[in-house]
Amino acid sequence: MNAPDNARSWNQEARRRAERLSRSARWRRGKEVAAADMVSFLEAVLAPGDRVCLEGNNQKQADFLAASLAACSPQHVHDLHLVQSVLALPEHMELFEKGIARRLDFSFSGPQSHRLARLVQARAIEIGAIHTYLELFGRYFIDLTPHVCLIAAQAADAAGNLYLGPNTEDTPVIVEATAFKSGLVIAQVNERCDTLPRVDVPADWVDCFVVAPSPNHIEPLFTRDPAHITEIQVLMAMMALKGIYAEYGVERLNHGIGFDTAAIELLLPTYGEQLGLKGRVARHWALNPHPTLIPAIEAGFVERVHSFGSEVGMEAYVAARPDVFFTGPDGSLRSNRAFCQTAGLYACDLFIGSTLQMDLVGNSSTATLGRITGFGGAPNMGSDARGRRHASPPWLKAGRERSGGDICIRGQKLVVQMVETWQEPHHPTFVERLDAWQLQQDMDMALPPIMIYGDDVSHVVTEEGIANLLLCRTPEERAQAIRGVAGYTPVGRARDRRLVENLRDRGVIRRPEDLGIDVRDATRDLLAARSIKDLVRASGGLYQPPKQFRNW
Amino acid sequence: MTRPRSYREATARRRVAGLLDAGTFTEWVGPGARATSPHLAALGAPVSFDDGVVVGEGRLAGERVVVIAQEGLFNGGAVGEVHGAKIRGAFERACAEPPRAVVFCIDSGGVRLHEANAGLLAISEIMRAQFAAQSAGIPVWALVGGACGAFGGMGIVARLCDAVVMSEEGRLGLSGPEVIETVKGVEEFDARDRALVWRVTGGKIRRTLGEATHLVEDDLTAFREAVAALLSSRQGPVPFTLETLQAAQAGLEGRAARDAAVRDGQVLWDRLGLDDAALMETAQFNRRLQELS
Amino acid sequence: MESFDLELPAQAPGIAPADAALFGVVSSGNLEVLVEAGPLPDRCRFHVETTAHGFTDVWQAVLADFAAGHRVGGLSFSIHDAGATPAVVSLRLAQALQSLEAS
């Protein structure tokens, strides 16, 4: 065995960190940098090729830092490797168009998906990989650790302690990965306070902060106006409640963010109550504070909610319901995307969401041609956690159904896709082949961008009925079960009617009438709230909807 | 407990059914007559069997009324040639066989663009026929609580009515918010700021200004009760004389001198000490407004 | 606009309205249906005008299922459609019959 190599330096990262700080010393007063100096400061701190995490969440954006970075001279700052969960702002794309950044690892790009696809086709960007949230967060600690992170917080005190406010989102995981690997943590804050309501990030993890000229942008992404929920969505929500929630006794769950699942939330206090489901289903949630959850909370269905992020307008309501939500000593929500995704993956028995396309093995995708949207968190929650070991009645029942009732060595998560058979006249939801395959070819990707794998899906709910894929014994049965609820789409009309009737006899397919549901009862009158104003009333005036959602 | 039936969410036919005494409605030029728009058909646009308006007679609290109800979901309740002719005809029928009142459920953005000139003519014909009915002593009452509100020519028609019953969700104006933003720019009016849109055109500010005479909940029964109360008050049309016109003109001149610079209903509410008006429940708002008068 | 007529055998007689009865509204993704008495008690008739082109076969499948599952003999249905999905078509037709039977 060789003696330790005394000549080798073991603290090169710390030295590089010290160099960055000394290069930028003239711009810092204590830990504070003036907004007007931010571009010069970033030009001094950053080096070509740095891996930078620019905080872009689902809702909260480090928008001032993004704009400052985009205003840097590409002569000084170039070829950065950007790691961030969501590409939401035009500035994020400008970084690549200007050559400031070259490589990208990310999760989701909703609003910028067209522009991203064009950059890829013009070879102006190198995409490392498109991740789910948990994968990307995991890689922050393994091979994508940021040299510098640019984050958004609500407030800082003079020492540099940060208060993150209700929209904590990705910040803790980004800071953890950066601060403890000799990276630089740079925060934009909305205000400087003498005393913070609570400390979310201690000052010694923070290198500097800037008071941004305007508060960071937060998008009310999860507000669904009940006025837009259709009768068909009410019908599907009735089927899901009766045919799945009640059937399996689902107490711990995560919902997608569509109008379909908003309908379920609004049916709990009405139809759910009629079915006697209070206290039996939907008690514990991994969910953002959806305004449409208010009536179910007030009716006593919902006991606990842990959240990925917050929702604009729900601050006062959440603060007034601390038994339900996770809140700090200051009363405001404490959200955390990494933990809530983990909860959704391991601690929930059901995920229910929607999709744009589904094929005959049940693979689903939200990818459409000419857009790279990425994944976000749906695949984390919409998948059976093979590492799960604790049992629960719905998990065991689903596991028994899958194994055919014989020896059952593991349970099964309920992964439910809730879709109308047609998206619009020329877009059937059910297809023989997903657009994702074409997109893979066009964009030269390693894999087609499939959101939820078919082998994870347990149920498909459409307006025609519920297909329980756990009970299918052969690939042919599975395909016919999907065709059997695919309505009048070409895929649905190509069903083998005899086989489908056979599946119905076995309870693999259940129509509304099989569940004792009269489709004509599916009216908006069943919704516990039919407008945003109803939600405000249900909250006792605590919910303060953003102005674009008001009609009073 | 029965939940209120939303007026805003109801179709024109459901509004008529909900307003009138059960089983008393007789429709004129009903859908079976297939009086559809030739202009829409020529443009290859979908037509409707009633061209987006229901007219007829029935009883409300036992009294005979003529009812006109626009369907806001069909082309934004916009007035085309046939649609306008049905409304004009309803007023003329009212003149021939006078009812206690004409109840006009307005839900319209104004003229149907597909039928521009015919639509404009139709609006002026509606106004003329409405004046004739009012001159004959028949009061005309507007109900404004649909998603399209009462804008353009139908905004004017609403203001010609003897009473205007609105819900907070209802809107009343001349140019719609989107039109103002398009013509004058977002600095003049941000049509996406819905709270602002309602503070400028919505039921509460219209009631504050006196343009709406009643403010009710978004509930079909509340609208019916407001009309029933008007019927039992035995009011005729507002007298249409030189004196009343001059008084109205003086009122408007005073308002213009005082409020020309006001860009937001909140300013008026603040002035009246109703600073939390936007968040008040309708009953409380009505109470506070009455205390001020 | 695309239009077509369809006549189907009916399993059971329906309740024809005294006057033509209109249900639903022509708006995006929705339709109106006018129900009237038809000439033949053992048949039902459909006339469809739709903004969605190229879906006649889907319409025929939807209407055939509807006619097979309801009491529609002697009824005539005239539909103005603005791009309703088959699910909405089926629901509106069922609601129209329900209203007629209730009245």
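**Briefing: domains, helix packing and chain contacts**

A:Glu169 sits in the loop of chain A that connects β8 (162-163) to α7 (171-179). The structure is a predicted model. Chain A comprises domain 1, residues 31-211, and domain 2, residues 226-533. The points below treat two loop residues with positive phi, the contact between the domains, two helix pairs of chain A, and the contacts that chain B makes with chains A and C.

**Loop residues with positive phi**

- The phi angle of A:Glu169 is near 50°, a positive value in a residue other than glycine.
- A:Glu169 counts as buried because 31 C-beta neighbours lie inside 10 Å, where the cut-off for a buried residue is 20 or more.
- In chain B, the loop between β3 (63-70) and α3 (81-96) contains B:Asn75.
- B:Asn75 is not a glycine either, and its phi is positive, near 50°.
- B:Asn75 has 27 C-beta neighbours inside 10 Å and therefore counts as buried.

**Contact between the domains of chain A**

- A distance of 33 Å separates the C-alpha centres of domain 1 and domain 2 of chain A.
- Domain 1 of chain A contributes 30 residues to the contact, and domain 2 of chain A contributes 30 residues.
- On the domain 1 side, the elements of chain A that supply two or more residues are β5 (101-108), α5 (113-121), α6 (133-140) and α7.
- Of these, α5(A) gives the most to the domain 1 side, with five residues.
- The composition of the domain 1 side is 13 nonpolar, 13 polar and four charged residues.

**Helix pair α6(A) and α12(A)**

- Helix α6(A) packs against helix α12 (residues 337-346) of chain A at an angle of about 130°, and the axes are 10 Å apart.
- The two helices α6(A) and α12(A) are therefore oblique to each other, since an angle of this size is neither over 145 degrees nor within 65 to 115 degrees.
- Their crossing, that of α6(A) and α12(A), is left-handed.
- From α6(A), the residues A:Tyr133, A:Leu134 and A:Phe137 meet A:Arg337, A:Ala338, A:Gln341, A:Thr342 and A:Leu345 of α12(A).
- This contact of α6(A) with α12(A) has five nonpolar, two polar and one charged residues.

**Helix pair α8(A) and α9(A)**

- Within chain A, the axes of helix α8 (residues 231-248) and helix α9 (residues 259-274) come within 8 Å and cross at roughly 65°.
- The crossing of α8(A) and α9(A) is right-handed.
- On the α8(A) side, the contact is made by A:Gln233, A:Val234, A:Met236, A:Ala237, A:Met238, A:Ala240 and A:Leu241.
- On the α9(A) side, the contact is made by A:Phe259, A:Asp260, A:Ala263, A:Ile264, A:Leu267, A:Tyr271 and A:Gly272.
- By class, the contact of α8(A) with α9(A) holds eleven nonpolar, two polar and one charged residues.

**Contacts of chain B**

- Chain B places 13 residues in contact with nine residues of chain A.
- The side of chain B that touches chain A consists of four nonpolar, two polar and seven charged residues.
- Chain B also has 13 residues in contact with 13 residues of chain C.
- On the side of chain B that touches chain C, six residues are nonpolar, five are polar and two are charged.

Key. Residues are numbered from 1 along each chain as its sequence is written. Chains are lettered from A and ligands numbered from 1 in the order in which they are written. This is a predicted model: local features need pLDDT of at least 70, side-chain atom pairs count only at pLDDT 80 or more; totals for chains, interfaces and linings use all residues. Helices (H or I, at least four residues) and strands (E, at least two) are DSSP runs, numbered from the N terminus. A residue is buried if 20 or more other C-beta atoms lie within 10 Å of its own, exposed if 12 or fewer, and partly exposed in between; C-beta atoms are placed from the backbone. Two residues are in contact if their C-beta atoms, placed from the backbone, lie within 7 Å. Ala, Val, Leu, Ile, Met, Phe, Trp, Tyr, Cys and Pro count as nonpolar, Asp, Glu, Lys and Arg as charged, and the others, Gly among them, as polar. Axes are lines fitted to C-alpha atoms, for helices over the stretch in contact, and angles run from 0 to 180 degrees between N-to-C directions. A crossing is left-handed if the near helix is turned anticlockwise from the far one by less than a right angle, and right-handed if clockwise. Domain bounds come from an automatic or database domain assignment. Angles under 35 degrees count as roughly parallel, over 145 as roughly antiparallel, 65 to 115 as roughly perpendicular and the rest as oblique.
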